[in-house]
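Please open the model in your viewer and keep the selection panel within reach. The stops below are meant to be taken in order.

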Amino acid sequence: MVALGAVSAIIAFLVVTPMFWVVWQASTVDFSRATDLVVSSQTALVTANSIALMLSVTLFSILLGVPLAVLTTRTDLPYPRFWTVVAALPLVIPSYIGAIAFVSMFGSGGEVDSLLGVTLPRVHGLRGSIFIITLYTYPYVFLTTRAALLSMDSSLVDAARTLNAGPLEAFRRVTFPRIRPGIAAGALLAGLYAISDFGTPAFMQASVFTSTIYWEFSGFAPEYAALLALQLVAIVAVVLVIEAGIGRDEDASGGADGSGSVIRLGTWKWPAMGFVSLLGVLTLVVPVAIFTSWLFRSEGDRIPSLEFQWEFAFNSVRLAVLAAVVACAFALPVAYYSGRTNSVVSRILERATYIGFAVPGVVIGLALVFLGTRTLPSLYRQGVWLLVFAYVIRFLPQAVGTVRSSVLQVDSKTIEAARTLNAGRLETFRRVTLPLIMPGVIAGGVLVFLTTMKELPVTLMVGPVGLDTLVIIIWDAQDALAYRYAAVPALFLVLISGLSMLVLLRQEGGDLS
């Protein structure tokens, strides 16, 4: 186990190292200059907008996700399995895909303006970013709250109802305290996604940390970008500390199958189904319909460099496969060491690999650019391995989590039996342990593959010049306002992203009713 611990320590060190380059770059700024930049009006605006974006998306995600979870688990809503899938599907679509669709539809000079000649409220700026990101992040709250409701002892609610407590009173005094950790977990994911999202604010031209860091970096102001990156990381750290305080509650006990009396909706079932249908139309039907309609348009000047080529899809798939393979190779020793020893050191090393997932992608991209240009310039300019490494840093926790769960399920007696037959550690791992944990390894690899396909800021910032992928073409098409060229790449991404729902259904055993 000593050798395994050493390998895990090396991997954890590699994952954490790029963050030191951001700190180092920020430290090179003169103190007075750094103070002026930090207290400038632009920084104040960026900070205020970012916090407003995070808080607003979190609040609206709770307002959407919790009622939807209650509707699909505690009421007699018809076809709950179908509505659960409809409510959860927006999670697999990148929010920037929705942003492009809504900007082209409702933005200045968009479809509504040209067809109807009517001016509607603009989907633009900070308010537009809040609207779009909420539509594609509320499923975090929905799924975690739904899981908490399904595992909660419903007899407690029934007991409260027998004491003449109404549905709202029973929910406030009995249900809410027990599902609060689930709500907090989903709210944390929604809030972190909102403050770390790059594509949507960039497309909406909202001045928040992620987009400003990218523009400052592109404008040859790396010092200011590094200072903003540190501020963004500090806000993320504060959010994690706050969630740690409110996300745990001794009252949040489960231990039941979630069955019990249901709330009768009566005639309210029709508005309820209409509400979920409206969300499905906004998040799924509208973007797909808009992108599909662009396939049959040819107006505007032809831009040969943006015309779809299968090479774009091949590059995206190749990078995603490489990232998935490397991530699983890194995850195996870390997850196995953590799962088999359960020591303080193993837990620290495991948690160290989660840093990249907690830190926004634009910060990871900035860190790898600093590292590549100053230490590995040839690797940065020519190869794809620095980009693959960036993906691994970003999404390694997905592989570590699934592999570790599989390791914990392996009976130690099985391993001991193999050892009694004079099988060495490596032979036992190869012939006994690895086949047992392989489903977790495959699931982790699939998750890394799917999220890598959609990753925008890391691909833009770290990708070598001339390597065009689906997300790069989508970005270039949006930048040139040639939206029709984003149609095929966007639909391809939506199709690939939809596969992640199959992974989710598999994790739940396919039971969403």
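The tour goes from the whole chain to its core, then to single helices, residues and ring pairs.

**Before selecting anything**

This is a predicted model, in which local features need pLDDT of at least 70 and side-chain atom pairs count only at pLDDT 80 or more, while totals for chains, interfaces and linings use all residues. Residues are numbered from 1 along each chain as its sequence is written, and side-chain values use heavy atoms, with hydrogens and water left out.

**Stop 1: the whole protein**

Show the protein as a cartoon. It has 24 helices and 0 strands; these are DSSP runs numbered from the N terminus, with helices (H or I) of at least four residues and strands (E) of at least two. Of the 513 residues, 53% count as buried. Buried means under 20% relative accessible area, exposed means over 50%, and partly exposed is in between, with a 1.4 Å probe and protein chains only.

Now switch to a surface. The accessible surface comes to about 23,400 Å², and 65% of that belongs to carbon and sulfur atoms. Accessible areas come from the Shrake-Rupley method with a 1.4 Å probe, and for residues only the protein chains shown count as cover.

Among contacts with a separation of 6 or more, 83% are between residues 24 or more positions apart. A contact means heavy atoms within 4.5 Å.

**Stop 2: the nonpolar cores**

Which residues touch the most other members of the largest nonpolar core? Select Ile97, Ile213, Leu368, Leu396 and Val462: they do so in a core of 142 residues. The largest share of this core, 14 residues, comes from helix H19 (residues 385-408). A nonpolar core is a set of buried Ala, Val, Leu, Ile, Met, Phe, Trp, Tyr and Cys residues joined through side-chain atoms within 4.5 Å.

Zoom in on Ile213. Not counting residues up to four places away in sequence, Ile213 touches Ala225, Leu228, Ala229, Leu232, Val362, Val363 and Leu366. Then select Leu53, Ile133, Ala206 and Val208, which are among the 7 residues of a second, separate core.

**Stop 3: helix H17**

Select residues 361-374, which make up helix H17. Its 14 residues reach 20 Å from the first C-alpha to the last, close to the 20 Å expected at 1.5 Å a residue. The expected span is 1.5 Å times one less than the number of residues. H17 is mostly covered, with 12 of its 14 residues buried. Val362, Val363, Leu366 and Leu368 are among these buried residues.

**Stop 4: helix H7**

Move to residues 125-150, helix H7, where 26 residues reach 38 Å from first C-alpha to last, close to the 38 Å expected. Where does H7 have a kink? Look at Leu135, shortly before the proline Pro139: the kink there is about 45°. The bend at a residue is the angle between axes fitted to the seven residues ending there and the seven starting there. Of the 26 residues in H7, 19 are buried.

Leu149 is also in H7, and at 0% relative accessibility it counts as buried. Draw a distance from Leu149 to Ile179: the two are 30 residues apart in sequence and 6.5 Å apart in space, C-alpha to C-alpha.

**Stop 5: Thr58 and Val239**

Select Thr58 in helix H3 (residues 41-74). Is Thr58 buried or exposed? It counts as buried because its relative accessibility is 16%. Leaving aside neighbours within four places in sequence, Thr58 is in contact with Ala187 and Gly191.

Gly191 leads to the next selection, Val239, as their C-alpha atoms are separated by 8.4 Å and the residues are 48 apart along the chain. Val239 lies in helix H12 (residues 222-246) and is buried, with a relative accessible area of 17%. Val239 touches Met54, Leu188 and Leu192, not counting residues up to four places away in sequence.

**Stop 6: aromatic pairs**

The whole structure holds 15 aromatic pairs. Rings of Phe, Tyr and Trp (its six-membered ring) pair if their centres lie within 6.5 Å; planes under 30 degrees apart count as stacked, over 60 as edge-to-face and the rest as tilted.

Select Tyr214 and Trp215, an edge-to-face pair at 5.2 Å centre to centre with 70° between the planes. Tyr214 is buried at 10% relative accessibility, whereas Trp215 is partly exposed at 43%. Add Tyr96, Phe198, Phe203 and Trp475 to show the cluster that ring pairs link together with Tyr214 and Trp215.

Finish at Phe308 and Trp310. Their ring centres are 5.3 Å apart and their planes are at 75°, so this pair is edge-to-face. Phe308 counts as partly exposed at 26% relative accessibility, and Trp310 as exposed at 63%.
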